[in-house]
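This report walks through selected helix packings and individual residues. Please keep the sequence and the structure in view while reading.

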Amino acid sequence: MSASGESVSLEYRPVFPPQSTVVRERSLTPEEMEKLGNDRVLVSDFKQQKLETDAQKNWDLFYKRNTTNFFKDRHWTTREFDELKNCRESEGQKLVLLEAGCGVGNCIFPLLEEDLNIFIYACDFSPRAVEFVKKNALYCTERCLAFQCDLTKDDLQANIQVGTVDVATLIFVLSAIHPDKMQKSLEQIYKVLRPGGIVLFRDYGLYDHAMLRFKSGNKLGENFYVRQDGTRSFFFSREYLAGLFQNAGFETLVNEYVLRETVNKKEGLCVPRVFLQSKFRRPVHS
Ligand SMILES: C[S@@+](CC[C@H](N)C(=O)[O-])C[C@H]1O[C@@H](n2cnc3c(N)ncnc32)[C@H](O)[C@@H]1O
């Protein structure tokens, strides 16, 4: 798994600018097309079922192995999503945020450091991840509430009042959820958002380098793969993502591929990363 491709380098000649946003999917080379086309055998139903049953356990073991050292702090969120600063209905209003699938807090702690007038609900289904959040020196109960929740089945409303969240962030989380359960997770988030509240989304996009690196034997379904450690990853097309959010009741505000080139220093290669960055709104009159 990549720590989500946050380092950019121009040491190699880029095939597209350092970062560009586009609405068309990345074009594959003939070799890439052949590789994906030849990868037709899916993991057995039995093994797929086990991966689903063990999803929480596999993520919890991921945090046991990596503790807080895997993902980098995400200092880019306020740059990419100005709603994190400008989404208040009135000046001086406290912004209420939900970071769904918070991991060990790489997204929330930079926000807490930057903005004093914010309250953050942070949930994850890995008990270890939630413990790491609570142990962070920046965690304080006046400004955040971290709790365990499986977005595919537990009730967010057990910890958050309906219609009270201004902004929800879903950062590299939906890709880890089985496609059949993505919609249920979005419906849960819809309920706790206030009318007019928004979801800020960033995740793996179709034909990202990580998708092309999977060896045969790791394919679970269309654009869906399993890593060595049992965690799974889906690669989203714009259309697929928009359909999911629309079926859950949201309006699409922005939905674009972010293309960037990243140097993989270990392999000495310049690789094309593709992310999908999007904003969806719970309709004002809902
Ligand atoms: C790649 S990490 C991203 C963490 C965090 N959003 C960040 O930006 O650093 C994906 C997270 O999603 C969590 N996750 C996966 N499926 C989940 C589910 N069904 N309910 C809640 N959390 C889930 C995992 O435990 C993991 O912490």
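## Helix α8 against helix α10

Helix α8 covers residues 179–192, and helix α10 covers residues 238–247. The two pack at an angle of about 45 degrees, and their axes lie 8 Å apart. That angle makes α8 oblique to α10. The crossing of the pair is right-handed. The model is a predicted one.

Which residues of α8 and α10 make the contact? From α8 come Pro-179, Met-182, Gln-183, Leu-186 and Glu-187. From α10 come Tyr-240, Leu-244, Phe-245 and Asn-247. Sorted by class, the contact of α8 with α10 has six nonpolar residues, two polar and one charged.

## Helix α3 against helix α7

A second packing joins helix α3 (residues 55–66) and helix α7 (residues 127–135). Here the angle is about 45 degrees, with the axes 7 Å apart. Are α3 and α7 parallel or oblique to each other? They are oblique, because an angle of about 45 degrees falls outside the ranges for roughly parallel (under 35), roughly perpendicular (65 to 115) and roughly antiparallel (over 145).

Helix α3 brings Gln-56, Asp-60, Tyr-63 and Lys-64 to the contact. Helix α7 brings Pro-127, Arg-128, Ala-129 and Phe-132. The contact of α3 with α7 divides into four nonpolar, one polar and three charged residues.

## Arg-26: a buried arginine

Arg-26 sits in the loop between β1 (19–22) and α1 (30–38). Is Arg-26 buried or exposed? Its relative accessibility is 10%, so Arg-26 counts as buried, the limit being under 20%.

The side chain of Arg-26 has two polar partners to inspect. One is the side chain of Glu-32, in a polar contact at 3.2 Å. Another is the backbone oxygen of Tyr-207, which the Arg-26 side chain reaches at 3.1 Å. Setting aside neighbours within four places in sequence, Arg-26 is in contact with Glu-32, Tyr-207, Leu-212, Pro-272 and Val-274.

## Two residues of strand β11

Strand β11 spans residues 269–281 and holds Leu-276. Leu-276 is buried, with a relative accessible area of 0%. Which residues does Leu-276 touch, not counting those up to four places away in sequence? One group is Phe-201, Arg-202, Asp-203, Tyr-204 and Gly-205. Leu-276 also touches Phe-236, Ser-237, Arg-238 and Leu-241, along with Asn-255, Glu-256 and Tyr-257. Gly-92 is 184 residues from Leu-276 in sequence, and their C-alpha atoms are 32 Å apart in space.

Ser-278 lies in strand β11 too. Ser-278 is buried, at a relative accessible area of 0%. Its side chain makes a polar contact of 2.7 Å with the side chain of Asn-255. With residues up to four places away in sequence left out, Ser-278 touches Phe-81, Val-199, Leu-200, Phe-201, Leu-241, Val-254, Asn-255 and Glu-256.

## The loop between β5 and α8

Ala-176 is found in the loop between β5 (165–171) and α8. At 17% relative accessibility, Ala-176 counts as buried. Beyond its neighbours within four places in sequence, Ala-176 is in contact with Trp-59 and Arg-232. How far apart are the C-alpha atoms of Ala-176 and Val-226? They are separated by 9.5 Å, and the two residues are 50 apart along the chain.

Phe-172 is placed in the loop between β5 and α8. Phe-172 is buried, with a relative accessible area of 12%. Its backbone deserves a look: phi is positive, at about 55 degrees, although Phe-172 is not a glycine.

## Positive phi at Thr-67

Most residues other than glycine have a negative phi. Thr-67 has a positive phi, near 40 degrees, and is a residue other than glycine. Where is Thr-67 placed? It is in the loop between α3 and α4 (77–80).

Thr-67 has a relative accessible area of 28%. Thr-67 is therefore partly exposed, since buried means under 20% and exposed means over 50%. Phe-172, with its positive phi of about 55 degrees, is buried at 12%.

Key
Residues numbered from 1 in each chain as written. Predicted model: local features only at pLDDT ≥ 70, side-chain atom pairs only at ≥ 80, totals over all residues. Heavy atoms only, no water. Helix = DSSP H or I, 4+ residues; strand = E, 2+ residues; numbered from the N terminus. Buried < 20%, exposed > 50% of the residue type's maximum accessible area, 1.4 Å probe, protein only. Polar contact = N/O pair within 3.5 Å; in protein donor to acceptor, adjacent residues only side chain to side chain. Contact = heavy atoms within 4.5 Å. Axes fitted to C-alpha atoms, helices over the stretch in contact; angles between N-to-C directions. Left-handed = near helix turned anticlockwise from the far one by under 90°. Nonpolar A, V, L, I, M, F, W, Y, C, P; charged D, E, K, R; others polar.
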